[in-house]
Amino acid sequence: MQDDKDLIVLLINSKTQNEGFKKLVQLYQKPLYYHIRNIVLNHDDSDDVLQNTFIKVFTNISKFKGESKLYSWIYRIATNESLTFLQQKAKKSGISNEAVQERELIKLESDVYFEGSEIELQLQKAIATLPEKQQLVFKMKYFEEIKYEEMSEILNTSVGALKASYHIAVKKIEEILKSN
């Protein structure tokens, strides 16, 4: 927690904000990239959303109230930026969010940055059939191993609701994978 406070002080102070921003990027670039990539699926889009996330964190750090961990606040921004990006992409294309996701799954098969096997690709396709909230909860729990308490802060939802969403998502994914 003290590290969070120190980082916030660096980011807010105009004399040290460059140093603070470097530390922010150093700490969060890799985990945030994978979090965003799990949501938007595409490498280039993930980089764009990551950049937008860092800009938003940097420009709004003075509004951080400390009611949650800095990590949770940053992840909430990254999650919201990812979902907004997908909505805007769907709107620009004149198609649904689900159709955008289907298109990204097709691209994932030829993506040089996707290191998954055939079974992982099948898993991604099964996840894509879930409602948006269940997808988020499943990906955050399964791939990122985020604890329910932290997820609760990030998604602003109760731990019980998250556990239920995860359980339902797992059952649906199991059914889909068994039928393939």
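Across the protein, the mean pLDDT is 88, and 93% of the residues score at least 70. The model is a predicted one. Confidence varies along the chain: helix α3 (residues 43-60) has the highest value, with a mean of 95, whereas α5 has the lowest, with a mean of 74.

Two helices were examined for length. Helix α4 contains 24 residues, which should span 34 Å at 1.5 Å a residue, and the separation of its end C-alpha atoms, 35 Å, agrees with this. The residue that follows α4 is Gly94, and its phi is positive, near 70 degrees. Helix α9, formed by residues 159-179, has 21 residues. From the first C-alpha of α9 to the last the distance is 30 Å, close to the 30 Å expected at 1.5 Å a residue.

The two faces of α9 were then considered. Its buried residues are Leu162, Ser165, Tyr166, Ala169 and Ile173. These residues lie on the same side of α9, because the arc that they cover around the axis is only 100 degrees. An α-helix has 3.6 residues a turn, so residues three or four places apart point the same way. On the face of α9 turned away from the buried side, the exposed residues are Glu175, Lys178 and Ser179.

The second largest pocket has a volume of about 220 Å³. Its lining consists of 13 residues, of which Leu86, Asn97, Gln101, Glu132 and Gln135 are the closest to the centre of the pocket. Three helices, α4 (70-93), α5 (97-108) and α7 (132-142), each contribute at least two residues to this lining. By residue class, the lining comprises 7 nonpolar, 3 polar and 3 charged residues. One of the contributing helices, α5, is also the element with the lowest confidence in the protein, at a mean of 74.

Positive phi values occur in the loops on either side of α8. Glu145 is located in the loop between α7 and α8 (148-155). Its phi is near 55 degrees, a positive value in a residue other than glycine. Glu145 counts as exposed because its relative accessible area is 65%, above the cut-off of 50%. The C-alpha atoms of Glu145 and Ala164 are 16 Å apart in space, with the two residues 19 apart in sequence. Asn156 belongs to the loop between α8 and α9. Phi of Asn156 is likewise positive, near 55 degrees, and this residue too is not a glycine. With a relative accessibility of 67%, Asn156 is classed as exposed.

Accessibility was also examined for residues within helices. Gln124, in helix α6 (residues 118-128), has a relative accessibility of 8% and therefore counts as buried, the limit for that class being 20%. Gln124 is 24 residues from Val100 in sequence, and the C-alpha atoms of the pair are 14 Å apart. Phe58, in helix α3, counts as partly exposed at 28% relative accessibility. Between Phe58 and His167, which are 109 residues apart in sequence, the C-alpha distance is 36 Å.

Tyr142 is part of helix α7 and is partly exposed, with a relative accessible area of 43%. Tyr142 and Tyr166 are 24 residues apart along the chain, and their C-alpha atoms are separated by 9.0 Å. Tyr166 is one of the buried residues of α9.

How values were computed. Residues numbered from 1 in each chain as written. Predicted model: local features only at pLDDT ≥ 70, side-chain atom pairs only at ≥ 80, totals over all residues. Heavy atoms only, no water. Helix = DSSP H or I, 4+ residues; strand = E, 2+ residues; numbered from the N terminus. Expected span 1.5 Å × (residues − 1). Buried < 20%, exposed > 50% of the residue type's maximum accessible area, 1.4 Å probe, protein only. Arc of directions from axis to C-beta. 1 Å grid on protein atoms, 1.4 Å probe; cavity = no way out; pocket = protein on both sides within 12 Å on 5 of 7 lines; lining within 4 Å. Points joined across faces, edges and corners; volume = space filled by probe spheres on them. Nonpolar A, V, L, I, M, F, W, Y, C, P; charged D, E, K, R; others polar. pLDDT = per-residue confidence, 0-100.
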